[in-house]
Amino acid sequence: MPLHEFECSTCIPERKKHAVDKGPGEDLTSALPEGYLNTIPGSISERGCAYCGAKHVIGTPMKDVIHLSHGPVGCTYDTWQTKRYISDNDNFQLKYTYASDMKEKHIVFGAEKILKQNMIEAFKAFPKIKRMTLYQTCASALIGDDMNAVAQDVMDEMPDVDIFVCNSPGFKGPSQSGGHHTINIAWIKDKVGTVEPKITSDYVINYVGEYNIQGDEVIMQDYFKRMGIQVLSTFTGNGSYDDLRAMHGAHLNVLECARSAEYICNELRVRYGIPRLDIDGFGFEPLSDSLRKVALFFGIEERALQIIKEETARWKPELDWYKERLQGKKICLWPGGSKLWHWAHVIHKEMGLDVVSVYTKFGHQQDMEKGIARCEEGALAIDDPNELETIEAMLKLQPDIIVTGKRPGEVAKKIRVPYLNVHAYHNGPYKGYEGWVRLARDIYNAIYSPIHRLALLDISKDEIPTDKGFATRRMLSDANLNEEIASSSDLRPYTGKYDCLPDYMNHTYPDELRKKPAGDN
Amino acid sequence: MKDRIAQLETYIMKHCLWQFHSRVWDRKRQNEGVLTKTTQILCGEPAAHETLEDRCYWVDAVCLADAFKSRCQWLNEMDKTEIKSLMQELKNRIDYLTIDGSLNKELTDVNY
């Protein structure tokens, strides 16, 4: 096993099993780090907790719901608005956050009474919202409040409301991934099958593991609707509570982020016989393959091929403009769980970037299997890195950019490495054909930002050039570019709008596409 | 033979996700389902896709067979017996990488 020992972690010997170098000839049977284990004491992890994983990642993107945490306000505040999972109902789920406001006295005397009071108050404050998710926190779990009983009590008093209880306190699992698991299983156990699905098409899918970060789901919905496919529910970005109770009515589960949502797909297969199709919504080729597979499933392949043709013609020249300028740039692919494998191969192939490292904070060994299988030789794979390890890796690997979340991202900035937020996104959406070009644009803008040239100069010791003017990105990126490519009229930088979503949301879709042609079984 | 299997293996590992389901029983079912149908398609034999489950394997198999044929010209020159033998060796290899030789400790969990 080609284990990688960080110099900064020699005092934590257990860490050695959490990083491997993918060397020549290595495969998954010889190079796979440990994963999804409790963080080793002394290692300052960048992980989130299981409450955060349940509420912030999966529960809260549901749009027509009061999301209430039974715990101190800090728990709900810290899981509020840090991820831009927008919705088409004026972002109700992002605008407000709710807590039962537990304090020390409730730890002693119990907090069920204040919980019930605050649940009713929240429903009365937002009378149009009739659905609630209720999240346990460490504090309410440790004192043993019976949230299910309180929820039932409120539902008895207010018959028009429905409440989902998620018992996933922060300590329930090594990381946020424990919360993903708990809420998946709780949702299928308690809610799926409790509402009859409203079927409007002969082709019905659940789109699972998609959180509508800056509109990813909007773009993907557009492709599905153009094929006549009904997205019965999206788990959970821009998803509706009652649609998600009707997940059992789909023909196919189309799974995007298997890390956070494969559990519910597995259970839907076992309990309702709905198969699971894993797809990639990122990158032209993987997305094209994915659309084709979904369409093939329903016997409407030509519709997918038409979309692929149109979208590729529209956006490929723009992707290639960036590819020419990003060729050979080194990238640390350090997202949360699934993007490390969604992107490991295609970002190299379609943007020309060399992936020098993949890491995951909360991924399991399964995610590393996919990531290591897809990335090129020479990459350093790290599980649950601590801050010192990420700094050591950046100093050693000298990446031109890291793509990650805001916590490690800010650390990167301090050592002058450009960083792009791929959790909440900088200027998403990043899914779909246009989204992939927007990601390439953001990576280009980060790498060639003139500020990084200035930031590398230390005014206390470096000589500051006074004979050079300010350089633009284009001057920097095209300096060593072949003239033929630099002036090519076939290629162009991104020409989409600053906010590309309204155009997608204004599309109309012919009704007849939703019905199978006569004679087609 | 070994080089050819390596080419097919590399394509699967870089482009596909069906081989990385959660548990041993899932991976056995997936590898069997997708690669059996891929073999049938490559050999010009009918591949069942009437049930939802079969259809799901079949769509992955159709795309895989197309990719194999377009990227590995030598496949088009092989006869059925050779293709079946090659694909059996490929399945053995994928089973080894994802199941029998896998270092993933969660594969044997009894629950999802």
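Let's start just past helix α9 of chain A, where Gly228(A) takes a positive phi of about 85°. A quick word before I go on: this is a predicted model, so please hear every value as computed from it.

Now step back into the helix itself. How many of the residues of α9(A) are buried? It's 9 of 11, so "mostly covered" is a fair description, given that buried is set at under 20% relative accessible area. The buried residues of α9(A) include Asp216(A), Glu217(A), Gln221(A) and Asp222(A). Val218(A), Ile219(A), Met220(A), Tyr223(A) and Phe224(A) are buried in that helix too.

Two of those names come back when we look at pockets. The second largest pocket has a volume of about 460 Å³. Among its 25 lining residues, those nearest the centre are Asp88(A), Glu217(A), Gln221(A), Lys225(A) and Val231(A). Which elements give two or more residues to this lining? They are α9 (216-226), β7 (230-236) and α23 (501-505), each in chain A. By class, the lining of this second pocket holds 8 nonpolar, 9 polar and 8 charged residues.

That mention of β7 takes us to a sheet. In chain A, β7-β6-β8-β9 is the order of an open sheet of 4 strands, with parallel pairing. β7 and β9 (276-278) of chain A stand at the edges with a single partner strand each, so one side of each has no neighbour in the sheet. From one strand to the next, the twist averages 25°. If you'd like a spot to click on, go to β6(A) and strand β8 (residues 252-255) of chain A, which run parallel and are joined by 4 bridges. There, Val208(A) has Leu255(A) in β8(A) as its bridge partner.

There is another sheet to show you. This one is open as well, with 6 strands of chain A in the order β1-β12-β11-β10-β13-β14, and its pairing is mixed. Where are its edges? They are β1 (19-21) and β14 (419-421) of chain A, each of which pairs on one side only. The twist here averages 15° from one strand to the next.

Let me stay with β10(A) for a moment. On one hand, β10(A) pairs with strand β11 (residues 354-360) of chain A in the parallel sense, over 4 bridges. In that pairing, Cys332(A) has Ser357(A) of β11(A) as its bridge partner. On the other hand, strand β10 (residues 330-333) of chain A runs parallel to strand β13 (residues 401-404) of chain A, with 3 bridges between them. Ile331(A) is partnered by Ile401(A) in β13(A), and Leu333(A) by Val403(A) in β13(A).

On to the largest pocket, which has a volume of about 650 Å³. It is lined by 39 residues, and the closest to its centre are Val57(A), Lys83(A), Gly336(A), Phe362(A) and His423(A). The elements of chain A that give two or more residues to this lining are α1 (50-59), α8 (176-190), β6 (204-210), α11 (258-272), α14 (339-343) and α18 (406-414). You'll recognise β6 from the parallel sheet a moment ago. The lining of the largest pocket divides into 12 nonpolar, 15 polar and 12 charged residues.

Last topic: aromatic rings. The count comes to 24 aromatic pairs over all chains. One of them is Tyr77(A) with Trp80(A), edge-to-face, at 6.0 Å centre to centre and 65° between the planes. Tyr77(A) counts as exposed, at 55% relative accessibility, while Trp80(A) counts as partly exposed, at 26%.

Compare that with Trp321(A) and Tyr444(A). Their ring centres are 5.3 Å apart and their planes stand at 70°, so this pair is edge-to-face. Why does the pair tie together parts that are 123 residues apart in sequence? Because Trp321(A) lies in helix α13 (residues 301-326) of chain A and Tyr444(A) in helix α19 (residues 432-447) of chain A. Trp321(A) is buried, with a relative accessible area of 4%, and Tyr444(A) counts as buried at 5%.

And one for you to find on the screen: Phe92(A), Tyr96(A), Tyr98(A) and Phe126(A) are linked into a cluster by ring pairs. Thanks, everyone!

Technical notes
Residues are numbered from 1 along each chain as its sequence is written. Chains are lettered from A and ligands numbered from 1 in the order in which they are written. This is a predicted model: local features need pLDDT of at least 70, side-chain atom pairs count only at pLDDT 80 or more; totals for chains, interfaces and linings use all residues. Side-chain values use heavy atoms; hydrogens and water are left out. Two strands pair if DSSP finds at least two bridges between them. Axes are lines fitted to C-alpha atoms, for helices over the stretch in contact, and angles run from 0 to 180 degrees between N-to-C directions. On a 1 Å grid over the protein atoms alone, a cavity is a set of points where a 1.4 Å probe fits but cannot get out, and a pocket is an open set with protein on both sides within 12 Å along at least five of seven lines; lining residues have an atom within 4 Å of a point. Grid points are joined across faces, edges and corners, and a volume is the space filled by probe spheres set on the points. Ala, Val, Leu, Ile, Met, Phe, Trp, Tyr, Cys and Pro count as nonpolar, Asp, Glu, Lys and Arg as charged, and the others, Gly among them, as polar. Rings of Phe, Tyr and Trp (its six-membered ring) pair if their centres lie within 6.5 Å; planes under 30 degrees apart count as stacked, over 60 as edge-to-face and the rest as tilted. Buried means under 20% relative accessible area, exposed over 50%, partly exposed in between (1.4 Å probe, protein chains only).
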